[in-house]
Amino acid sequence: MSEDQKRIAAARALEEVRPGMRLGLGTGSTARHFVDLLGQKVAQGLDVICVPTSEVTAAQARSLSIPLTDLDATPSLDLTVDGADEIGPELALIKGGGGALLREKIVAAASAQMIVIADGSKIVPVLGRYPLPIEVNPFGLRATRVLIEGVMQAQGAEGGLKQRAKPDGSPFLTDGGHYILDALFGRISSPEALSRALLDIPGVVQHGLFLRMAKRAYVATAEGIEVIDA
């Protein structure tokens, strides 16, 4: 999808923002457009306060003079706008391609509403074509990995498990200092069961399945914006 279409989806989501709102700001290429457009509105006098989901988004917001807070000072938010790597039935999502899934999920859970902005290629009939990011504690990595592989086998995963690395080959670290393992399932037939099984593993901090969290999606296509409600 062109950057223009991403911006159109972001602009549509921005129409949901009202003066005085407490907002969660997502992470990723489409969310970046939303933050840019929000910055323009703030410069024109829009009164909002925002919680960023990553250090990258925080830096972008600060550069645009968007007022920031955190969930300790502002534990309840009105709205979070974020992207997604996959959008399945009932707005079940896979997120975390940018490595911010833990903070994204914490912020979304603190919000009265979560809106997703994406392009049409992200819509899938069944989740799992995109690798599922799993955030893990560095301590006991090999043992955690063995347990995750067991869950993958039980769930009929079609692919393998790979630790995410930076371009120089060193381990990718999240803002929280954790590793990410990307699990290729091919098809996730029981997202709820998979979520529970992964979270039962002590070394798993969180995973990129966002279930029953998004209330609406604005999906940009060549024909225009498609609105999908949960």
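**Helix packing and a three-stranded sheet**

Let me begin with one helix pair, where Arg32, Val35 and Asp36 of helix 2 are in contact with Thr57, Gln60 and Ala61 of helix 3. Sorted by class, the residues of this contact are two nonpolar, two polar and two charged. I should say at once that what we are looking at is a predicted model.

As for the geometry of that pair, the axes of helix 2, residues 29-43, and helix 3, residues 55-63, come within 9 Å of each other and cross at roughly 25 degrees. Since angles under 35 degrees count as roughly parallel, helix 2 and helix 3 are therefore described as roughly parallel to each other, and their crossing is right-handed.

Helix 2 also packs against helix 1, residues 3-14, and here the angle is about 55 degrees, with the axes 8 Å apart. Helix 1 and helix 2 are therefore oblique to each other, and helix 1 passes helix 2 in a right-handed crossing. On the helix 1 side the contact includes Lys6, Ala10 and Leu14, while among the residues that helix 2 brings to it are His33, Phe34 and Leu37. By class, this contact of helix 1 with helix 2 comprises seven nonpolar, four polar and five charged residues.

Turning now to the strands, three of them make an open sheet in the order 4-5-11, with antiparallel pairing. Its edges are strand 4, at 86-87, and strand 11, at 209-210, each of which pairs on one side only. Strand 4 is joined by two bridges to strand 5, residues 93-94, and these two run antiparallel, with glutamate 86 standing opposite isoleucine 94 of strand 5.

How values were computed: Residues numbered from 1 in each chain as written. Predicted model: local features only at pLDDT ≥ 70, side-chain atom pairs only at ≥ 80, totals over all residues. Heavy atoms only, no water. Pairing = 2+ DSSP bridges. Helix = DSSP H or I, 4+ residues; strand = E, 2+ residues; numbered from the N terminus. Axes fitted to C-alpha atoms, helices over the stretch in contact; angles between N-to-C directions. Parallel < 35°, antiparallel > 145°, perpendicular 65-115°, else oblique. Left-handed = near helix turned anticlockwise from the far one by under 90°. Contact = heavy atoms within 4.5 Å. Nonpolar A, V, L, I, M, F, W, Y, C, P; charged D, E, K, R; others polar.
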